[in-house]
Amino acid sequence: MDIKSRKYKSYQTKWKIAAVVVLFICAMANFFCGIVTANISNHWDKDIIEANSVYETYEFRSGFAKVLDEVIMTEAYYRNENRILSGELVDRDELIVDFKRYYGIKDGIITGNTSINEEFDGLIIHGSIPNSLRTNFNEYKELVESRLPLYRKMYIQNQLDEYKRSVRYLSGLTNFVYYVEDANGNVVAGNTSRGEMSNIDRTVVLSAGFSSDSMGVMPFCHKNALMENSDFKIYAGIREPFAFGDDFYDLGQEYTFAKTSLPILFGVFTVSTIIILLCLIYLFRVSGQNEKGGKITYLAVDKIYNEIHFLLICGLITCSTLFGFALLSNILRETAIFWAYIFTTILGVVYIVNVAAIISYISSIARQIKGKIFLRNTWVSVTIRRMAELFTGKTFRGWMIFVMLCYGLGNCVIMGAVILTAQMDLIFICCLFVLCLLMFNAFCMFLFLRALRSLKRIMISARETSKGNLQYMLNLEEISPSFLNFATDIANIQDGLKNSVEDAIKGERMKTELITNVSHDLKTPLTSIISYVDLLRSLKLKDQTASKYVDILYDKSYRLKQLIEDLIEASKVSSGNITVTMTRVDYRQITLQAIGELEEKIEASGLEIKVSCPEPLYILADGRHLWRILENLVSNAAKYSMPNSRVYIDIFQAEGRGILVMKNISSSPIDFDETRLTDRFVRGDASRTTEGSGLGLSIAQSLVEAQGGTFGIKVDGDLFKAIVSMPLWEGKEESNIIEDQGVTEIE
């Protein structure tokens, strides 16, 4: 038991849930590794892998070049505030272009025939101004004279602001060191000395005729052209290691973190990926089963065709990938931490949904493979099977639609060929196509008539079956394919009915034989009991109690004897194992005889019987069996009628039959279905306190039917009505003997 438990432990639900949880945890670990790696790659590109130090990265070189540009602009170009305020550094062309752009002035005839003076406060006319443009010229002239001087001041102020900003920026640097020499070798600006600079390994020297770059930053420098007309020489370097206090220190810290994080991220990603693969293999192995080799439990998702399921998964992954890249770009570009967190959360949800969809898809594939329905659950396979059903007749409607489409298409194609060849005057070919058209329709008519013949055979078989002729056999080889399955179903119905009838007959025969045998076995000891009871009664016992008990034994033994005889008779009647001799019988006379034989019972019940039959009525019946029928009816009336009431018996002729109707009022309510009264062992006395076996009416009905008559019962409230209809005597001298379920005529 323990071995079996350990063997199927891996199939338990809790282990499956644990595997899914571990898989999702590892998937989330991979997600976070990917997000962090994407951020590092976005900031450092491939330098984080290739560079051996931060000084070899693009981020450092571009940052150093940016600071060097600030030094060139501040110390070599602007130098001081006085040069800026004097207007010496104003670029005339740049100023005029910016002025025109700012005020929306477009070059044309006016600007082409004029120029702005050196003081930037008036125009110099070089050509003629058309009279049509005189108004525009005056507006342009007024704008230059009134606005351009102010714009020049704004230009100078912008240069001054830029200079001050650069000075503040350079003064805040901790790790970037520099100094500037003039043409005579004097240090005119900087934040370090020659001695300190000589101890720094990573330096840059920049001048008009010479430059030295040990860090490879010059390709990123954009202001080195300003040094061509300058007499200054700039020395710049970087401290090692970085000291706290500026952007270079922060850059070094980020580089160190990224460089050390990548191996850890790669290791976590690798381990998580291996665990994910192991979990997927485990889930693939145990999916859909609670034990090894057990029954496969399918889910609703398994009903999706595999091609469609695959396309849905691919579509989901594709859309999620595109959406994910859009979110990732926003995450990498977003500077606000709040929105970066929101976008990351949304991306994580999309990622988890995709992981769940992939797990569901893999589990579905596993269940179908283990259940051997993977290929069957494909759209292609289902389509092929549906098409095959059209040709095998499994789908009658589909077969007929397919046949009609083929018939119509064939006629259209051949008729089109006939018309085309007739228009092209190809008489011989046209005649061939006409012949093909006739042969095609003749062939289709043959198939149609064959199908109709098959349908006719099936209808005949169904009609014979409805008549009870279960021996009629339908030849399936003569049935066309379109009706083959229909014919097979009819044949199966015939076989099923035949087997059911045979089983029913066999069961009824066994039941009858059982009742007969048991009844005969009971009669032997019962005869002995009756004999001994008669002997005890003849002794005339003096003990009154013993004599009373003997009388009770006498009554009960004779009642039991009557019950056994009724059982034997009922079994004979139900099995048809009786002899019926049909003779002329006076219906009125035999009824009166039955009443006379039971006169004592009738008087004891206080009943008055009224017979209505003015003249004799002759019927064709077996007198012995008819007597038994009438005896049962009169006896039942004596037992179950209301005391001191009347019983009416009407005998008359109607529609060629002799009919007897017996009516009496029941002493007990008839609160059940009247049709049950003719069932065996059913009595009108539900409490069963009166004598009787409950077989009388059943025997009467069977005896009436054996003589070719009908027996019916009607109930209206407490009014009980029994109707016995027998064929009339027609004056023929022959007698019909119905014996052992056969009919023999004797003259």
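Which residues are buried in helix α18 (residues 587-597)? In this predicted model, they turn out to be Y587, I590, T591, A594 and I595. These residues sit on the same side of α18, because they cover an arc of only 140° around the axis. The N-terminal end of this helix also has a cap, and D586 provides it. Here a side-chain oxygen of D586 lies 3.1 Å from the backbone nitrogen of R588.

So much for the helix itself; next comes the sheet. α18 lies across β10, β12, β13 (657-665) and β15 (719-727), and it runs at about 165° to β12. Another helix, α20 (residues 623-640), packs on the sheet as well, touching β12, β13, β14 and β15. The direction of α20 makes about 15° with that of β13.

The sheet is an open one with five strands, lined up as β10-β12-β13-β15-β14, and its pairing is mixed. β10 (608-612) and β14 (710-716) stand at the edges with a single partner strand each, so one side of each has no neighbour in the sheet. From one strand to the next, the twist averages 15°. In general, strands of a sheet pair through backbone hydrogen bonds, either parallel or antiparallel. For β10 and β12 (residues 646-654), the sense is parallel, with five bridges. Within this pair, S612 stands opposite D650 in β12.

Zooming out, the protein chain has 21 helices and 17 strands. Of its 747 residues, 35% count as buried. Among contacts in the chain with a separation of 6 or more, 70% come from residues 24 or more positions apart. The accessible surface comes to about 44900 Å², and carbon and sulfur atoms hold 59% of that.

How values were computed. Residues are numbered from 1 along each chain as its sequence is written. This is a predicted model: local features need pLDDT of at least 70, side-chain atom pairs count only at pLDDT 80 or more; totals for chains, interfaces and linings use all residues. Side-chain values use heavy atoms; hydrogens and water are left out. Helices (H or I, at least four residues) and strands (E, at least two) are DSSP runs, numbered from the N terminus. Buried means under 20% relative accessible area, exposed over 50%, partly exposed in between (1.4 Å probe, protein chains only). Contact means heavy atoms within 4.5 Å. Accessible areas come from the Shrake-Rupley method with a 1.4 Å probe; for residues, only the protein chains shown count as cover. The arc is that of the directions from the helix axis to the C-beta atoms. A polar contact is a pair of N or O atoms within 3.5 Å; within protein, one must be able to donate a hydrogen and the other to accept it, and residues adjacent in sequence count only if both atoms are side-chain atoms. Two strands pair if DSSP finds at least two bridges between them. Axes are lines fitted to C-alpha atoms, for helices over the stretch in contact, and angles run from 0 to 180 degrees between N-to-C directions.
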